[in-house]
Amino acid sequence: MIRDRPLILLAEDEPLEQRMLQTLLSDQGYATIVAESGQQAIVQAIRHRPDLVVLDLYLPDMTGMAALREIRAFGALARIRIIVLSGYVEAEISRQARRAGADAVISKGPSPTGELLREIRKFLPLRSVAKPSVSATPAAPAVLAPPASRGILPRGAAGKMLGRFLELRPLPLLAEEILKASTDPRSDVKKFAGILSQEKTLAARILTLAHSAFPSSSPAAARGPMQNLGREVARLGIPGVRDPALALLLVDQHRKASGAGADVTLDRAALWRHSLACAVLARDLAAASGGDAARTRTLFLAGLLHDAGKAVLDDVLPEEYPPVLARAAKDGIPLHVAEQEAFGIDHAEASRQLLIRWQLPGPVVEAVGLHHMPVKDLLKKSGEILSVVGLLQVADALVKASLTCDSGERILAEAPHALALAGRLGLDAEKIRTVLGHLDLQVQNLTLAMRLHDEAAVPTDPVSPSDKAAKTKIPRGLPAGGRLKRAR
Ligand SMILES: [Fe+2]
Ligand SMILES: [Fe+2]
């Protein structure tokens with residue numbers, strides 16, 4: 001990962017210490033990010049691949065030693081230098097920390113900065129002291145030693161990191177409240193509407209998505225401006241609002257890359273454009289093939305979320321994923337095949353695990369996980385699973401073809417395998433042509449209504465650790481003094 005300044009992760013929960021260390025290090029020309037707990041430190045280490053971690057031995061949720069062991073257990077993080085800071089450095093503590101993988105152990109003592117800086121400079125020498133520039137001219141590159149070369153991930157490492165990352169990364173505050181309310185038997189429509197009413201702009205986007213899960217001909221899909229939140233929730237039902245709400249919050253959390261910049265990054269705007277088109281098309285194909293409301297809604301959500309795993313892999317493997325994207329494009333091989341070869345898992349599996357973490361409905365999770373299943377295997381299945389996964393695959397293939405074609409006729413010619421699969425699912429070319437005829441306009445309208453075109457509508461990720469200040473920012477769209485509080 002090319003950076004203009006070495007990146008240091010400070011795992012320290014004391015605000016004063018954090019500020020002191022950040023000032024000291026940025027003054028020396030280092031970039032810093034902060035983690036206030038052991039779990040945050042592990043997530044940040046995976047997402048940002050810092051060059052060095054300064055790890056306090058006493059963190060609120062786990063010992064620094066446990067965090068150290070866990071970071072060292074990920075092969076992909078082996079090159080990160082780790083300096084452990086301890087109140088008292090006894091020989092035994094020092095031995096344990098070094099055995100666990102610490103590169104140095106330093107006493108906090110009354111004035112730890114001199115020794116800490118010496119150790120840091122030893123591991124991350126600077127060509128010159130490059131103070132952050134206050135002028136418009138960016139600071140000159142300061143790294144003397146180039147970052148360690150990218151290693152090939154040990155077998156199983158990607159899956160392990162993905163699992164731990166999904167487990168530790170907090171969900172947005174509103175998602176936590178929605179999930180809590182939906183498992184509380186005392187929750188009713190009023191309580192649910194109350195939760196959504198905390199953020200009106202977001203609630204309007206959620207309701208737009210909830211109505212869109214119905215086929216365009218359905219009365220539930222047609223709605224004007226939001227009048228009464230309680231009435232809307234009652235009309236759609238709690239699951240009918242809960243699932244689209246979670247889906248939208250998931251999309252928002254993955255609209256921006258969370259890691260530090262890599263050489264080639266996933267085009268997230270294109271990813272979500274493709275996903276929204278798949279959602280609309282899968283929904284309408286389901287309706288055209290005679291599917292009931294439950295199937296059309298499952299397909300809408302599955303279409304929207306089927307490729308979310310690409311964004312997660314991009315977050316978890318910021319150094320390893322871009323070359324895989326580049327290789328798939330250069331060699332013309334399907335991305336999921338290139339992912340399997342490189343990591344032993346693909347984005348369909350990453351999406352499946354992500355959706356389980358967000359507690360989305362089982363049929364949606366299953367369809368998403370199977371969206372790259374070979375057609376010959378899929379055709380051995382029957383019933384709902386064949387219909388749902390088959391329609392999702394048809395929609396995915398047609399949307400991909402529509403990127404290069406401009407008419408329904410040419411799209412069908414471009415994707416003969418999709419047409420053959422559709423035939424097995426009760427859809428003839430005429431029906432598909434009719435659905436494709438409405439696709440563009442619907443996707444455009446939904447993009448605008450959901451503000452998916454609008455970068456400013458992306459809320460600040462509450463765990464985005466780009467710097468300490470990010471955590472205190474009020475997410476865009478929240479009323480001043482936003483009322484959401486993270487449950488601790
Ligand atoms: Fe995919
Ligand atoms: Fe796709």
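**Gly101 and its surroundings**

I started at Gly101, which sits in the loop between α4 (91-100) and β5 (104-107). I kept in mind that this is a predicted model. Is Gly101 buried, partly exposed or exposed? I counted 16 other C-beta atoms within 10 Å, so Gly101 is partly exposed; buried would take 20 or more. Leaving out residues up to four places away in sequence, I found Gly101 touching Leu68, Arg72 and Ile82. I also checked Val84: its C-alpha atom is 9.9 Å from that of Gly101, with the two positions 17 residues apart along the chain.

**Whole chain**

Next I stepped back to the overall tally. The chain has 23 helices and five strands. Of its 488 residues, 45% are buried. I then looked at contacts with a separation of 6 or more, and 67% of these join residues 24 or more positions apart.

**β1, β2 and β3**

I went to the strands at the start of the chain. What is the burial of β1? Five of its five residues are buried, so β1 is largely enclosed by the rest of the structure. Leu7, Leu9 and Ala11 point to one side of β1, Ile8 and Leu10 to the other, and all are buried. That fits the rule that side chains in a regular strand alternate between the two faces of the sheet.

Strand β2 (residues 31-35) gave me a matching entry: five of its five residues are buried. Ala31, Ile33 and Ala35 point one way there, while Thr32 and Val34 point the other way.

How do β1 (residues 7-11) and β2 run, parallel or antiparallel? They are parallel, joined by five bridges. I noted two of the partner pairs: Leu9 with Ile33, and Ala11 with Ala35. Between these strands the chain passes through helix α1 (residues 15-28), and the β-α-β crossover is right-handed.

I then followed β1 to strand β3 (residues 52-56), where the pairing is also parallel, over four bridges. Here Leu10 of β1 has Val54 as its bridge partner.

**The nonpolar core**

Which residues touch the most other members of the largest nonpolar core? I got Val53, Leu55, Ile83 and Ala282, out of 140 residues in that core. Helix α12 (residues 268-288) gives the most to this core, 12 residues. The core also takes at least three residues from each of domain 1 (7-128) and domain 2 (174-457). As a general point, nonpolar side chains in soluble globular proteins tend to be buried together.

I picked Leu55 for a closer look. Not counting residues up to four places away in sequence, Leu55 touches Ala11, Ala41, Gly64, Ala67, Leu68, Ile82, Ile83, Val84 and Leu85. Leu68 and Ile82 were already in my notes as contacts of Gly101.

**Helix α12**

Back to α12, since this helix gives the most to the core. The helix has 21 residues and reaches 30 Å from first C-alpha to last, close to the 30 Å expected at 1.5 Å a residue. I found 16 of the 21 residues of α12 buried, so this helix is largely enclosed by the rest of the structure. Just after α12, I noted that Gly290 takes a positive phi of about 90 degrees.

**Helices α13 and α9**

What span does α13 (residues 293-305) reach? I got 19 Å for its 13 residues, close to the expected 18 Å. Of these residues, 11 are buried, so α13 is largely enclosed by the rest of the structure. The buried stretch I wrote down is Arg295, Thr296, Arg297, Thr298, Leu299, Phe300, Leu301, Ala302, Gly303, Leu304 and Leu305.

Last came α9 (residues 200-212), which has 13 residues and reaches 18 Å, close to the 18 Å expected. Its buried residues are Leu202, Ala203, Arg205, Ile206, Leu207, Leu209, Ala210, His211 and Ser212. Which helices do they pack against? I listed α7 (173-183), α8 (189-196), α10 (229-236), α11 (238-253), α13 and α23 (429-449).

Methods: Residues numbered from 1 in each chain as written. Chains lettered and ligands numbered in written order. Predicted model: local features only at pLDDT ≥ 70, side-chain atom pairs only at ≥ 80, totals over all residues. Core = buried A, V, L, I, M, F, W, Y, C linked by C-beta atoms within 7 Å. Buried ≥ 20, exposed ≤ 12 C-beta atoms within 10 Å, placed from the backbone. Domains from an automatic or database assignment. Contact = placed C-beta atoms within 7 Å. Pairing = 2+ DSSP bridges. Right-handed = clockwise from strand over helix to strand, strands pointing away. Expected span 1.5 Å × (residues − 1).
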